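Trainee: I am new to this structure. Please take one part and go through it closely, then set it in its surroundings.

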Amino acid sequence: MSSKTKLWRNLQSWLVIFVCLLLFLWYARPQLLYSLIFPFQVMEWFFPGIAEMLRALVGT
Amino acid sequence: MLAYILAKFLSVRLDSLFVATFVFLWIFLVTAFMLLMGLIGLLAPTPLLLGSLFGLVILLVPGSLRAKAIEIVSDIRKLRQAFGEWWHSLPIWLRWFTGIAVLVSIFRFAALTLIFPPFVWDSLTYHLTNVAEWTQRGRIMLFDTSMTRIYTPANYETFTLWFTVFIHHDVVVEMAGLPAYALAVLSLYVIARRLDFSRSASWLGALSFASTPALLLATTGTKNDPHMAAYYLFTLAVVVTLSSNPKEDEQPNQLGQLTLLAITILYAFGTKAYIAHLLPGILIIAVIGVKRGQGWQRWMEIFRDSVRQLRNTRRLQLLLLVLILVAGMFLGLFWNTRNWVLQGNPFYPYGVEVGNEEVLPGAERDAEISFSRLRTNFTDLFLDKFGDKQSRIMPDLDNTTGWGWFVYSIGIPALILGCILDRRVRMLALGFGVSLTLIFFSIRPSPWNMRYLLWFPALFSLSFVWLLDELRKADHQIPRIAIRILTIITLSMNYIAMLNYGRIPPERFQAMLAIPLLERDAASLRINMPGEYENSLKIIPEEALLGYNLHSNGFIYPLYRADFAQYLVYVPVSVQGTCFEVAEAMRTRGTRYLFIAPEHTSDSVISFLNDCGESEIALRERTGNLYVLKD
């Protein structure tokens with residue numbers, strides 16, 4: 001493999017990760033975070049400690 | 001046992017395709033058996049068990065089949081060994097993740113099935129209404145109701161009977177989607193492996209598809225869409241297997257696999273007719289070939305080899321092939337033929353319109369194929385549903401795609417890059433795209449129509465499999481590790497968000513748990529259910545015949561109760577008639593009770609019956625929605 005191809009391949013990998021992360025942040029909007037909170041409300045009833053931790057993690 | 005023997009007969013070797021074939025054939029055979037027994041009115045535990053036993057004895061009489069059946073012991077050993085090798089070939093982090101995902105899934109599916117009764121709209125209107133009526137009567141039949149959709153092809157409902165008939169209860173009815181879920185995930189793995197992707201990437205791809213919210217929600221949603229997704233992907237898996245070159249240690253079995261292909265398509269057609277709109281996409285993949293040299297020329301070879309194989313087939317094997325095909329035709333064409341004979345329209349209750357002329361009249365809306373539908377469906381997808389931005393993902397997929405965290409974070413860039421750089425991804429995208437476009441020509445634009453596309457996220461997962469293999473070629477470890485971490489995060493997010501369907505509040509959860517397991521009627525889960533259902537069922541004696549007047553999109557199923565103890569009868573009401581005529585209609589049908597419900601009975605009927613109840617001429621109002629004949 002030539003060094004040019006190698007460089008391109010590596011650049012491509014980093015670019016993919018960058019785009020994926022950006023899209024991840026784009027997708028994580030309030031109403032979707034709420035989808036995550038929603039099961040926590042049920043979880044709180046079963047395991048209050050874990051729910052509290054997850055709630056803090058998601059930031060509400 | 002029969003599913004195993006047939007899987008041996010139609011498959012090539014003990015691998016993932018064999019397991020997927022076994023799952024499909026089990027669904028296929030259970031449905032065929034239930035349909036046969038249902039049509040002759042023997043849908044009860046004893047006749048079904050005796051029938052199975054009789055079938056098993058007949059099956060074991062011919063020596064060659066007996067020999068195949070005996071192989072099961074050594075095959076299980078071989079499969080266990082193969083599974084052990086496969087498992088240990090996966091990287092340790094993937095093994096851990098798989099173990100946790102499987103445990104969480106088992107817990108989630110079991111909890112949702114046992115805690116909640118069915119509650120998804122269409123299943124309460126017609127899918128489960130058929131199941132309840134047939135389970136009660138011990139016979140598959142048509143019955144008098146306002147719900148004309150009971151005429152639609154019902155392989156899924158027939159298969160679901162297996163989950164209700166033996167225990168005469170709906171406590172596990174939501175599990176009827178699980179075999180389809182397993183088949184869909186296995187099929188994705190088979191496709192990826194047959195396209196020469198690595199084992200661990202293929203498995204992670206299968207897991208990513210398994211976590212798709214829309215699929216997870218639909219699996220226990222008691223509707224037939226996850227089954228359709230499974231048959232679409234399984235058909236594609238068989239096509240890709242057939243067109244790929246056989247591996248070193250396998251004897252090609254083109255004839256068996258062509259038969260498998262035929263019965264899968266037929267079975268899907270008897271489940272929901274929209275498979276006809278999806279198949280051209282698979283046909284394009286087959287004709288062009290995912291890889292070079294696997295297109296139509298390869299299919300000519302396959303057909304030639306099949307004819308050769310057919311000539312050398314022994315009589316017993318030939319008989320078995322014919323029987324399988326006959327069973328496939330039976331399951332594929334029975335429902336439409338019945339409708340044709342009874343209603344003069346195979347697609348009843350849907351009419352068929354060509355141009356502006358109705359060529360086949362129906363009771364419901366006309367089936368339509370138009371560019372305006374295509375345009376509206378694509379506009380809705382990209383402007384309203386894409387990105388799941390309108391609302392939370394819930395079982396009806398109201399204005400959401402339900403594709404979830406993984407597809408939007410990793411799946412989309414993987415697909416775009418894959419289309420640019422790899423022929424296999426390009427060809428898959430072409431096939432999936434054609435299927436998507438064709439179904440968009442015909443499905444009615446609505447906020448809830450993404451359930452027809454449960455198979456589509458598989459394309460993102462397959463592209464992701466390609467991406468994973470590509471990243472292995474890069475020098476740096478960091479992108480590889482980063483994508484794995486992001487994958488684990490997004491898949492976990494998908495699972496967490498779907499733990500309780502995204503819509504059931506804690507107090508409802510608690511209320512359901514307070515009800516004993518076998519008493520959790522669909523009427524008692526008040527998330528989309530008017531309180532009138534539960535209140536009325538408390539009043540009406542179980543042994544009484546309950547009359548109802550619900551419109552063609554009303555919930556009938558909850559009235560049967562969880563143990564199918566309540567017998568129902570439809571009472572038509574004409575608002576132009578008199579209260580005496582309603583009373584007479586009730587008497588003729590042998591019921592003293594008439595149930596109606598707001599939003600599930602037409603407003604004019606509700607108002608008419610209110611007047612009857614107030615004047616107490618022929619009917620007495622028992623509660624706001626339950627009328628009793630005056631003595």
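Mentor: What follows starts at one helix of chain B and then widens to the rest.

This is a predicted model, in which local features need pLDDT of at least 70, side-chain atom pairs count only at pLDDT 80 or more, and totals for chains, interfaces and linings use all residues. Residues are numbered from 1 along each chain as its sequence is written, while chains are lettered from A and ligands numbered from 1 in the order in which they are written.

Take helix 22 of chain B, residues 531-539. Helices are DSSP runs of H or I with at least four residues, strands are runs of E with at least two, and both are numbered from the N terminus. Which residues of helix 22 of chain B are buried? They are B:Glu532, B:Tyr533, B:Ser536 and B:Leu537. They sit on the same side of helix 22 of chain B, because they cover an arc of only 125 degrees around the axis. That arc is taken from the directions that run from the helix axis to the C-beta atoms. A residue is buried if 20 or more other C-beta atoms lie within 10 Å of its own, exposed if 12 or fewer, and partly exposed in between, with C-beta atoms placed from the backbone. The cover over these buried residues includes strand 6 (593-595), strand 7 (619-623) and strand 8 (626-629) of chain B.

Now compare helix 20 of chain B, residues 477-497. Its 21 residues should span 30 Å at 1.5 Å a residue, and its end C-alpha atoms are 30 Å apart, which agrees. The expected span is 1.5 Å times one less than the number of residues. Buried residues in helix 20 of chain B include B:Pro479, B:Ile483, B:Leu491 and B:Tyr495.

Step back to the whole chain. Chain B has 24 helices and eight strands. Of its 631 residues, 47% count as buried. Its C-alpha trace spans about 85 × 60 × 55 Å along the principal axes. The largest nonpolar core has 190 residues. Such a core is a set of buried Ala, Val, Leu, Ile, Met, Phe, Trp, Tyr and Cys residues joined through C-beta atoms within 7 Å. B:Leu233 is among those with the most contacts inside the core. Two residues are in contact if their C-beta atoms, placed from the backbone, lie within 7 Å. Leaving aside residues up to four places away in sequence, B:Leu233 touches B:Ala184, B:Ser187, B:Leu188, B:Trp455 and B:Ala458.

Some loops deserve a look too. Most residues other than glycine have a negative phi, and most peptide bonds are trans. The bond from B:Tyr348 to B:Pro349 is cis, with omega near 10 degrees. B:Pro349 lies in the loop between helix 15 (315-343) and strand 1 (351-354) of chain B. B:Asp196 has a positive phi, near 70 degrees. B:Asp196 is in the loop between helix 8 (178-194) and helix 9 (199-210) of chain B. B:Asp196 counts as exposed, because it has 12 C-beta neighbours inside 10 Å.

Last, the partner chain. The contact takes 23 residues from chain A and 33 residues from chain B. On the side of chain A that touches chain B, helix 1 of chain A gives the most, with twelve residues.
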